[in-house]
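Colleague: Hi! Could you walk me through this one over coffee?
Modeller: Happy to, let me put it up.

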Amino acid sequence: MEPLANFADGLAIVLSTESLAAAVIGSLVGIVAGALPGMTATAAIAICLPLTFGLDPLVGIIMLTSIYYAAAFGGAVPAILINTPGDNPAVIAAVEGYPLTQRGLAIATIRVAFISSFMGGTVGLFFVVFLAPALAEIALAFGPPEYFLVMMLGISSVLVVGSGSVVKGLLSALLGAVVGLVGMNPLHGQVRMTFGYYQLMEGIPFVAFAIALFCIAVAVTNLTLGNASQIKQEGASSKARWPSRGDLRYIVPAWIRGSAAGFAVGLLPGAGPTIASFFAYAVEKLSASKLRAPLFSKGAVEGVASAECANNAATSASLVPMLSLGIPGSAGTAVLLGALLMFGLRPGPLLFENHPTFAFAVLASVLVGTTFMLIIGVSLAPVVSYILRIPGSVLFPLIIVIAVAGTYSIRNDVFPVYLLLMLGIVGYFMLRLQVAAAPAILTAVLMPLLEINFMQSLTMSRGNIGIFVSRPLSLLLLFMCVAAFVLPIILMRRRQTGLTFPKNED
Amino acid sequence: MWKANIVFGLFTSFVSAYILLHSYTLSYTIGFNVGPGYMPRWIGIVFLIASIFFILWNLIIRPEEAGDPFRVVELLKAAVIFGSLFGVLVVIERIGFVISMTIFMFIVLFFLEKKPIHYSLAFAVSGSLLVFGLFAVLFEVPLPRLVPRWI
């Protein structure tokens with residue numbers, strides 16, 4: 001029970017006025033940063049880093065950690081309300097949450113997202129406190145073939161059900177893959193498809209692509225179809241303020257699956273919350289009953305619960321490789337690592353031995369921060385949902401303006417905004433032709449990682465592609481990939497031929 | 001809808017054909033490992049096959065899908081929105097974020113949504129200022145300004 005005693009000591013430190021204030025300020029900054037498209041937790045931490053120079057190292061780190069956590073909470077709010085993901089992991093919240101908002105369930109969905117985030121964050125924290133060093137070693141056993149197949153599992157799961165049409169889903173995914181290929185090859189440094197623009201050497205910014213397909217496409221479609229005011233009325237009339245008892249039947253198991261999947265993925269250095277949320281969503285879809293499966297991509301509340309839970313569980317888990325091994329699991333933890341080094345602390349196996357109070361105080365601040373964010377999120381959900389009362393004719397142009405500012409902030413340059421415009425036109429036609437955006441977004445974000453891990457796998461096996469079936473874990477993941485692709489097709493075929501799905505059963 | 005699907009299929013065919021051709025300018029293998037042209041080659045092939053299949057499927061089967069068909073008015077409105085956004089982006093570095101976005105919002109509100117001039121102007125100015133305040137003041141994003149250090 002030594003970890004528990006250390007955690008209690010850490011909690012006592014965090015409950016001091018100064019640390020509590022740092023956690024509260026960090027949480028608020030993080031929520032706003034997470035909710036603004038284009039603003040990432042990494043950017044918010046980097047901006048606030050100079051503010052912590054004059055503070056006690058512990059207080060400074062608590063503030064930065066709170067920002068990191070709160071940003072993971074905030075991203076889902078604009079995703080659910082206006083179909084604009086605040087950050088990458090919130091894409092699933094847009095896919096599943098926005099249809100619920102259109103059905104008048106905005107407040108209940110936001111509350112589900114916040115409670116799920118809290119559950120994921122807290123469960124993740126529990127595992128971090130008790131199992132950090134042991135888990136870090138297990139994570140290191142995960143090799144490039146397994147990384148590659150985890151990502152393929154995420155892609156194959158959104159390919160079919162995500163679009164309704166298999167071919168359209170495939171076209172969408174391949175379009176995203178092309179976007180992900182633009183720029184410098186990650187291993188060899190050869191430049192691809194830049195059309196002579198040096199700005200494209202870094203690739204097409206993922207945030208610009210996501211904002212274009214989700215936010216610009218939806219805003220322009222609503223403005224051109226002339227139903228902007230209609231959308232406002234449907235979204236604003238919130239029928240339910242809390243998830244129903246029936247919803248909880250699906251939400252609670254989604255929390256368990258989402259926490260486990262998110263924490264497992266979050267442990268892997270470099271994987272991060274985005275892959276975790278997509279992976280958990282894939283798991284949720286695979287485990288959905290025949291009655292619930294058709295609801296995915298049309299507003300399945302368990303999809304939001306699972307993805308948000310996994311997002312925050314992964315955020316907790318990503319602290320494990322950072323604190324235990326000194327390996328940052330994401331861009332955000334990389335900046336946090338820099339901050340720790342700046343304050344003269346060296347993360348690694350000895351951190352928990354040499355500075356247990358400090359390490360556990362940082363973890364305790366996560367608990368305080370997430371609890372604070374849960375209270376804020378749940379109580380302010382009705383207030384936040386007032387955004388839907390803004391007339392659609394004003395809201396949608398305003399969304400485009402926010403998108404422009406957010407995209408400009410990616411590189412402090414107007415070039416990504418031109419890309420946003422071009423991709424927005426593609427996204428508009430995709431939306432009108434009912435080609436789902438989720439497969440494109442997922443492959444675009446995963447393509448560079450997929451390519452690196454594929455190349456590293458072949459380097460390991462000296463060019464033998466059999467490496468993907470020769471390792472037990474990769475074989476299991478390969479089987480799951482095939483199942484994630486084939487099972488929904490079989491279910492769709494059976495549904496079309498009227499073999500299953502008795503009506504009015506649920 | 002099937003006609004619009006065919007146009008989309010032609011677009012993806014064009015993109016995939018470009019990727020495929022471009023992949024031949026890159027090394028397919030380096031040593032015993034794959035080169036930078038490996039992924040573009042295979043993605044291009046699969047993409048082209050899927051696109052051609054999609055076109056043929058729509059030509060032969062002509063599937064009935066739900067959804068609004070495209071109308072000329074709608075396409076014109078989309079052209080105005082994207083065109084005006086492009087127009088203000090061209091000058092955004094010169095006139096600043098607030099003025100360019102005010103112009104964009106005003107065009108959408110006044111010309112497309114047919115709102116009264118005072119309503120359009122008020123929401124365009126306040127909306128642009130609000131977003132500018134959030135990004136440029138709160139998070140110190142160096143958005144383009146007409147007057148340095150001010151707006």
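Modeller: We can go through the chain contacts, then a helix pair, then the salt bridges.

Colleague: Sounds good. What sort of model is it?
Modeller: It is a predicted model.

Colleague: OK, how many residues of chain A are in contact with chain B, and how many of chain B with chain A?
Modeller: On chain A 66 residues take part, and they touch 68 residues of chain B.

Colleague: And what area is buried between chain A and chain B?
Modeller: About 6,200 Å², with carbon and sulfur atoms giving 79% of that.

Colleague: How many salt bridges does the rule find across that interface?
Modeller: It finds 1. The partners are A:Arg432 and B:Glu74, whose side chains come to 2.5 Å, N to O. There are also 5 residue pairs in polar contact between the two chains, counting pairs with both residues at pLDDT 80 or more.

Colleague: Which elements of chain A give two or more residues to that side?
Modeller: Among them are α2 (17–35), α10 (206–225), α20 (415–432) and α21 (438–460), along with strand β2 (191–192). The top contributor is α19(A), with 12 residues.

Colleague: What is the class make-up of the side of chain A that touches chain B?
Modeller: It has 48 nonpolar, 12 polar and 6 charged residues.

Colleague: New topic: at what angle do α13 and α14 of chain A pack?
Modeller: About 145°, and their axes are 8 Å apart. The crossing of α13(A) and α14(A) is right-handed.

Colleague: Which residues meet there?
Modeller: From α13(A) they include A:Gly272, A:Ala276 and A:Ala280, and from α14(A) they include A:Gly303, A:Ala307 and A:Ala310. By class, the contact of α13(A) with α14(A) has 7 nonpolar, 6 polar and 2 charged residues.

Colleague: Last one: how many salt bridges does the structure hold over all chains?
Modeller: There are 6. One joins the side chains of A:Glu146 and A:Arg471 at 2.8 Å, N to O. A:Glu146 sits in helix α8 and A:Arg471 in the loop between α22 and α23, so this pair ties together parts 325 residues apart in sequence.

Key. Residues are numbered from 1 along each chain as its sequence is written. Chains are lettered from A and ligands numbered from 1 in the order in which they are written. This is a predicted model: local features need pLDDT of at least 70, side-chain atom pairs count only at pLDDT 80 or more; totals for chains, interfaces and linings use all residues. Side-chain values use heavy atoms; hydrogens and water are left out. Contact means heavy atoms within 4.5 Å. Buried area is the accessible area (1.4 Å probe) that two parts lose on being put together, summed over both. A salt bridge is a side-chain nitrogen of Lys or Arg within 4 Å of a carboxyl oxygen of Asp or Glu. A polar contact is a pair of N or O atoms within 3.5 Å; within protein, one must be able to donate a hydrogen and the other to accept it, and residues adjacent in sequence count only if both atoms are side-chain atoms. Helices (H or I, at least four residues) and strands (E, at least two) are DSSP runs, numbered from the N terminus. Ala, Val, Leu, Ile, Met, Phe, Trp, Tyr, Cys and Pro count as nonpolar, Asp, Glu, Lys and Arg as charged, and the others, Gly among them, as polar. Axes are lines fitted to C-alpha atoms, for helices over the stretch in contact, and angles run from 0 to 180 degrees between N-to-C directions. A crossing is left-handed if the near helix is turned anticlockwise from the far one by less than a right angle, and right-handed if clockwise.
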